[in-house]
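User: I am new to this structure and would love a close look at one part of it. Could you walk me through the ligand site and the empty space in the protein?

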Amino acid sequence: MERTVYINGEYVSESEAKISVFDRGFLFADAVYEVTAVLEGLLIDNHGHLERLERSCRELGIKLPVTSEELTEIQKTLIEKNSLIEGGVYLQLTRGCEGDRDFSYSDDIEPTLVLFTQERALINSSYAQKGIKILSMDDLRWKRRDIKTTSLLPACLAKQLAKQSGCDDVWLIENGLITEGGSSNAYIVTADDKVVTRPLSNDILHGITRASLLQLAKDFDIEIEEREFTIEEAYEAKEAFVSSATTFIWPVVSIDGKTIGSGKPGSLATKLRDIYIKMAIDTAR
Ligand code: PDD
């Protein structure tokens, strides 16, 4: 069955939604995006996602043609039209289209806004139950990873290589230090139960799930250390895990073929996942 998608002010069937071949999102990945999780038909942590969208737009000088309130209405309408209970709403905003391929653009270019829903099992995910296997790789991305752009080729190639190597995802490394996952933030747990994650900077995406988790950890007296860590420290960690809007928290059970902890999802990661999901639904209601 066809989904209803949103494109520039209209709700249409997915096969009827058309974008120009001259759109800068298509030609130059001149575009930003957001993914908001949906549980029980409710938007999870959406305020943070829309705030980050505004920031990405400001950083790149892309015009946001609608307010946050209007965007939320569009997201809710799509959830309703597609009877979405669990999954996500994808939102992409490109700088727009000017009728030819040209690196530069004019000030009055009109942006392209697209949203669609995706059904996905978030709660009963086998990855959450079994944990994921990670392959580490060089971080080949640009230097403004704090901006959520659709320039995702390095992530696609890295994730594909991980898959071909029998792994589930990648952790990216720069100067011997983990930056983040292919599409998630990365964490380890030390022998004395401290959760370690890289501090915010232009080197990583400022994860919305990460921000919520850090707040939750405080509320539950779980100690957090925001500092850089090496791949060697990760190999020796008691636990490891990732966070994002498409995973919430997934435990990591091996990195580069080395077993993490007992080789089973760690207790702290499992606890954080459970309290995050409960808090997220309560807050969204
Ligand atoms: N990715 N780091 C990177 C590089 C990401 O692409 C993502 C999210 C995150 C986690 O951010 P958040 O908690 O706000 O989802 C960190 C989304 C889910 C994606 O590309 O599909």
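Analyst: Happy to help! A word on terms before we start: a cavity is a set of grid points where a 1.4 Å probe fits but cannot get out, worked out over the protein atoms alone. Please keep in mind that this is a predicted model.

With that definition in hand, a search of the whole structure finds one cavity of 30 Å³ or more. The largest cavity has a volume of about 30 Å³. Its lining is made by Ala37, Ile44, Asp45, His49, Thr209, Ser244, Ala245, Phe248 and Tyr276. Sorted by class, that lining has five nonpolar, three polar and one charged residues. Domain 1 (4-119) and domain 2 (126-284) each provide at least three residues of the lining of the largest cavity.

Now for the ligand. It is surrounded by 19 residues, and the closest are Tyr33, Glu180, Ile208, Thr209 and Ala245. Two of these, Thr209 and Ala245, also appear in the lining of the largest cavity. Where does the ligand lie with respect to domain 1 and domain 2? It lies between them, because both domain 1 (4-119) and domain 2 (126-284) give residues to the shell around the ligand.

Let's look at some individual contacts. The side chain of Tyr33 has an N or O atom 2.6 Å from an oxygen atom of the ligand. In the side chain of Glu180, an N or O atom is 2.6 Å from a nitrogen atom of the ligand. Ile208 takes part through its backbone, with an N or O atom 2.8 Å from an oxygen atom of the ligand. Taken alone, the ligand exposes 480 Å², and the protein buries 90% of that. Strand E3 (31-39), helix H2 (46-60), helix H6 (208-219) and strand E13 (239-244) are the elements that give two or more residues to the shell. By class, the shell has five nonpolar, 10 polar and four charged residues.

Finally, there is the second largest pocket, with about 350 Å³ of space. It is lined by 21 residues, and Leu43, Ile44, Asp45, Asn46 and His47 lie nearest its centre. Ile44 and Asp45 line the largest cavity as well. At least two lining residues of this pocket come from each of strand E4 (42-43), H2, helix H3 (68-81), H6 and helix H8 (267-284), and H6 gives the most, with five residues. Nine nonpolar, nine polar and three charged residues make up the pocket lining. Here too, domain 1 (4-119) and domain 2 (126-284) each supply at least three residues.

Key: Residues numbered from 1 in each chain as written. Predicted model: local features only at pLDDT ≥ 70, side-chain atom pairs only at ≥ 80, totals over all residues. Heavy atoms only, no water. Near = heavy atom within 4 Å. Polar contact = N/O pair within 3.5 Å; in protein donor to acceptor, adjacent residues only side chain to side chain. Areas by Shrake-Rupley, 256 points an atom, 1.4 Å probe, with all protein chains shown as cover. Helix = DSSP H or I, 4+ residues; strand = E, 2+ residues; numbered from the N terminus. Nonpolar A, V, L, I, M, F, W, Y, C, P; charged D, E, K, R; others polar. Domains from an automatic or database assignment. 1 Å grid on protein atoms, 1.4 Å probe; cavity = no way out; pocket = protein on both sides within 12 Å on 5 of 7 lines; lining within 4 Å. Points joined across faces, edges and corners; volume = space filled by probe spheres on them.
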